[in-house]
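Student: I have a structure to read and do not know where to begin. Could you take me through some features one at a time?

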Amino acid sequence: MTKLMSRQDLQNLRSVCQRALSLETKKILVCGGTGCVAGGSLDIYDKLKDMLQARGIHVSVELAHEPHEESVGIKKSGCHGFCEMGPLVRVEPQGWLYTKVKLDDCEEIVEKTIVGGECVERLAYRQNGKIYRKQEDIPFYAKQHRVVLEHCGHINATSVYDYLAVGGYQALEKALFDMNQDQILDEVSESNLRGRGGGGFPAGRKWKSCARQKETPRYIVCNGDEGDPGAFMDRSAMEGDPHRLIEGMIIAGIAIGSSEGYIYVRAEYPLAVDRLRMAIAQAEEIGLLGDNILGTEFSFHMHINRGAGAFVCGEGSALTASIEGKRGMPRVKPPRTVEHGLFDKPTNLNNVETYANVPMIIENGAAGTNPSARRTVPAQRPLR
Amino acid sequence: MTRQFDFAPVDRILDNHPRSELSTIAILQDIQEHYHYLPREVFPYVAKAIGVGEARLYGVATFYENFSLEPKGKYVIRCCDGTACHVRGSIPILERLRQELGLVGGKKTTDDLNFTVETVSCLGACGLAPAMTVNGTVYGAMTPDKASELLRELKAELEKGGGQA
Ligand SMILES: Cc1cc2nc3c(=O)[nH]c(=O)nc-3n(C[C@H](O)[C@H](O)[C@H](O)COP(=O)(O)O)c2cc1C
Ligand code: FES
Ligand code: FES
């Protein structure tokens with residue numbers, strides 16, 4: 001894959017991916033999140049793939065550059081948040097969700113669903129005697145409005161091409177070519193985005209005060225330490241839609257004037273580390289990360305740091321100390337992290353979910369273009 | 001009697017990282033992954049290679065829970081004792097494992113260096129609570145009986161001469 005050198009290159013690649021996606025007339029999405037992997041979903045993925053191929057069905061694993069008419073897409077998706085019912089297999093276009101799938105069920109899924117177009121009802125979710133074939137009808141999902149996790153569970157979490165096909169990196173494009181730094185900062189401020197790491201601090205205000213710092217270099221740091229018990233939204237976002245987080249961080253880099261980003265992921269999330277590593281490598285390969293992104297002056301590099309089992313490293317100053325290779329000890333503030341953070345330089349630290357909100361804000365938020373598309377993101381759930 | 005310590009694996013690990021203090025944690029993680037613990041011999045060696053004091057390196061190694069200066073077993077079993085797993089009964093599982101492996105008091109590793117049993121905080125798989133990992137592979141919806149069964153399987157694997165997942 002050659003590097004994308006311009007906006008046009010990116011748009012061309014996106015339309016190739018979109019066309020390939022539209023040619024996947026049927027799709028099987030096997031949940032590849034931590035919970036379902038523990039239930040053996042990766043074996044299910046391999047078996048389904050082998051069985052389809054053995055039947056001579058054209059299988060599309062990665063959105064191909066030479067799209068094949070009428071192929072069956074088979075993908076490892078991110079977590080659906082329904083791990084208890086896992087391993088989960090989602091079937092499109094019908095939107096059916098199969099729960100507690102076992103290796104022995106693969107044959108029936110291929111024969112009945114892919115070949116025959118019928119639902120395997122015994123695998124559908126049941127509640128109070130009612131069968132719910134479609135994922136969106138299940139009471140657990142019916143009331144959900146997904147923003148950050150809109151693609152999580154619905155796209156291949158291991159491929160940048162899937163992310164591009166659903167409109168990924170459009171916000172980056174806009175931030176790079178249609179907006180200046182102040183406009184991005186204002187957009188984030190106006191969206192009322194609040195930090196999701198627990199404190200609820202207005203992200204726009206933090207970004208602006210970091211961008212105002214005289215000293216350079218400045219750093220963009222993402223807090224993926226997720227230490228709160230029972231919480232796994234950051235894990236889902238990192239595992240299931242890693243490019244969204246990366247896109248949000250690159251946009252923060254543009255707005256704040258930084259060319260270096262760090263993601264700190266807790267030790268207990270090896271799968272999130274793998275997915276992020278893969279995603280960063282793909283973004284580097286096609287030139288969405290690195291020097292002179294899309295032929296502009298802007299460069300951005302990203303690094304991953306794995307935690308080593310210290311809850312306190314979720315705190316900002318402990319986290320930056322840990323990235324520096326030291327003991328993760330919080331320090332007294334002020335000075336604040338935006339002034340003296342990583343390597344004692346101005347640093348913008350946000351939570352995973354905070355950054356993952358950014359692409360949507362930049363893409364839909366432009367005031368005036370389409371007021372009905374304008375969405376703000378105040379706290380959509382209680383702040384912990 | 002001085003045992004010759006083979007630094008070749010450490011050298012390979014060092015080659016994968018920039019030689020600076022920044023790499024401290026990543027290097028220690030890789031070393032631990034290789035040996036399952038941090039052998040004392042590596043401290044002066046690594047400290048010199050990345051240009052930090054040996055005391056500082058010990059400081060880092062003892063700060064983070066994941067690092068161990070004691071040898072660990074071939075199978076490292078981590079019982080999740082995060083909130084969800086605790087509420088759904090992680091402790092009886094932990095006790096069963098410790099009892100079957102004869103681990104008493106503060107002991108975490110069996111004398112034959114085959115098994116280490118420890119606790120870990122939330123693995124992010126609470127939907128499958130109680131959860132545990134064996135050398136990184138997650139097992140969900142555990143019970144004491146299922147844990148015993150898993151132990152039997154692991155022991156059988158050891159006998160077959162396997163034992164490295
Ligand atoms: C003891 C302690 C633990 C914390 N753990 C986390 C954590 O796991 N994840 C997180 O995003 N923020 C955590 N925070 C909050 C961070 O210090 C910081 O405020 C936050 O990451 C900023 O991002 P935000 O503005 O996007 O919320 C913790 C704070 C303290 C004091
Ligand atoms: S891991 Fe599959 S639903 Fe959460
Ligand atoms: S508390 Fe055990 S996996 Fe979350």
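**Reading the ligand shell and the chain contact**

Tutor: Start with ligand 1, which has 18 residues around it, the closest being G195(A), G197(A), G314(A), N351(A) and T354(A). A residue is near a molecule if its C-beta atom, placed from the backbone, lies within 6 Å of it. This is a predicted model, in which local features need pLDDT of at least 70, side-chain atom pairs count only at pLDDT 80 or more, and totals for chains, interfaces and linings use all residues. Residues are numbered from 1 along each chain as its sequence is written, while chains are lettered from A and ligands numbered from 1 in the order in which they are written.

Student: Which strand gives the most to the shell around ligand 1?

Tutor: Strands (E, at least two residues) and helices (H or I, at least four) are DSSP runs, numbered from the N terminus. Here strand β11 of chain A, residues 347–351, gives the most, with three residues.

Student: How do the residues of that shell divide by class?

Tutor: Ala, Val, Leu, Ile, Met, Phe, Trp, Tyr, Cys and Pro count as nonpolar, Asp, Glu, Lys and Arg as charged, and the others, Gly among them, as polar. The shell around ligand 1 has eleven polar, four charged and three nonpolar residues.

Student: How many residues does each chain give to the contact?

Tutor: Two residues are in contact if their C-beta atoms, placed from the backbone, lie within 7 Å. Chain A gives 26 residues and chain B gives 29. On the chain B side, the elements with two or more residues are α2 (24–35), α4 (54–63), α5 (83–87) and β4 (137–139). That side has 15 nonpolar, twelve polar and two charged residues.
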